[in-house]
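Here is a short walk through one protein chain. Keep the sequence and the 3D view open as you read.

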Amino acid sequence: MEHVNVAEDTDIVHVGCELYAPSQVELTLTDVASIKADILAVMVLEGRRYVVQELRITQRDGGEPITSELIRGVPVHSLIRGTVYNALELRIPQPGPHTVGLPFAFPPEERRRLIKAGPTDETQLWVARVYITAELAGDPPAQHVQRSFKVPTSTTGYWIRRAKDRKILNG
């Protein structure tokens, strides 16, 4: 069982483009078959990226002992990625007719609409949101944009450069 906990006194920080993230997140994993122990990971936001501040591995009752092999098998990056997608909030002041959920699984018609529109303000805003989300998770941002929009590498690079030039991304 996976449980993501954000303490009530944790600051929620604006990370850009109407995206908000808690400054600290606690992830508890118990009874996960692929991991032979229980995990507690405390992640903190450093700049625009989550890092693991504390990682506690606990032997299950009657379970296997904790070994270096078990420790190496803990998928830390996957823990961070999953936590980012569970903890990140998109707060749009006035939602329009088009809605996209985190982690930006664009419905095909929405993706086609944005691609057809080209590098408009709306498309650039979504490019920036996808880019920021990837940064928070420690994933390659440009690849994440390319996979989300399913556009060629050259288009991805152009859209990212434009979003930066227009101060939509990192502005």
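Leu 114 counts as buried, because its relative accessibility is 0%, and the cut-off for buried is under 20%. The model is a predicted one. Leu 114 lies in helix α3, which covers residues 108-117. What does Leu 114 touch, not counting residues up to four places away in sequence? The list is Phe 106, Glu 122, Thr 123, Trp 126, Phe 149 and Trp 159. Gly 63 lies elsewhere: its C-alpha atom is 50 Å from that of Leu 114, and the two residues are 51 apart along the chain.

Two of those contacts of Leu 114 lead onward: Phe 149 and Trp 159. Both of these residues are buried. The count of aromatic pairs comes to one. Phe 149 and Trp 159 form that pair, edge-to-face, with 5.6 Å centre to centre and 85° between the planes. Phe 149 lies in helix α5 and Trp 159 in helix α6, so the pair ties together parts that are 10 residues apart in sequence.

Another contact of Leu 114 is Trp 126. The charged end of Arg 129 sits over the ring of Trp 126, at 4.4 Å from its centre. A second arginine, Arg 91, lies over the face of Tyr 20, with 4.4 Å to the ring centre.

Now turn to the core. In soluble globular proteins, nonpolar side chains tend to be buried together. The largest nonpolar core here has 37 residues. Val 15, Tyr 50, Val 84, Leu 136 and Phe 149 touch the most other members. Elements that give two or more residues to this core include the strands β3, β4 and β5 and the helices α2, α4, α5 and α6. Which element gives the most? Helix α4 does, with eight residues.

Tyr 50 shows how parts of the chain meet. Leaving aside neighbours within four places in sequence, Tyr 50 is in contact with Ala 21, Pro 22, Val 25, Met 43, Val 44, Leu 45, Ile 80, Val 84 and Leu 136.

The strands come last. Eight of the nine residues of β5 are buried, so β5 is largely enclosed by the rest of the structure. On one pairing, β4 and β5 are antiparallel over six bridges. Gln 24 has Val 44 in β5 as its bridge partner. On another, nine bridges join β5 to strand β6 (residues 49-58), again antiparallel. There, Leu 40 is matched with Arg 56 in β6 as its bridge partner. The hairpin of β5 and β6 has two residues between the strands, and Gly 47 takes a positive phi near 65° in this hairpin.

How values were computed. Residues are numbered from 1 along each chain as its sequence is written. This is a predicted model: local features need pLDDT of at least 70, side-chain atom pairs count only at pLDDT 80 or more; totals for chains, interfaces and linings use all residues. Side-chain values use heavy atoms; hydrogens and water are left out. A nonpolar core is a set of buried Ala, Val, Leu, Ile, Met, Phe, Trp, Tyr and Cys residues joined through side-chain atoms within 4.5 Å. Buried means under 20% relative accessible area, exposed over 50%, partly exposed in between (1.4 Å probe, protein chains only). Helices (H or I, at least four residues) and strands (E, at least two) are DSSP runs, numbered from the N terminus. Contact means heavy atoms within 4.5 Å. Rings of Phe, Tyr and Trp (its six-membered ring) pair if their centres lie within 6.5 Å; planes under 30 degrees apart count as stacked, over 60 as edge-to-face and the rest as tilted. A charge sits over a ring if NZ of Lys or CZ of Arg is within 6 Å of the ring centre and within 35 degrees of the ring normal. Two strands pair if DSSP finds at least two bridges between them.
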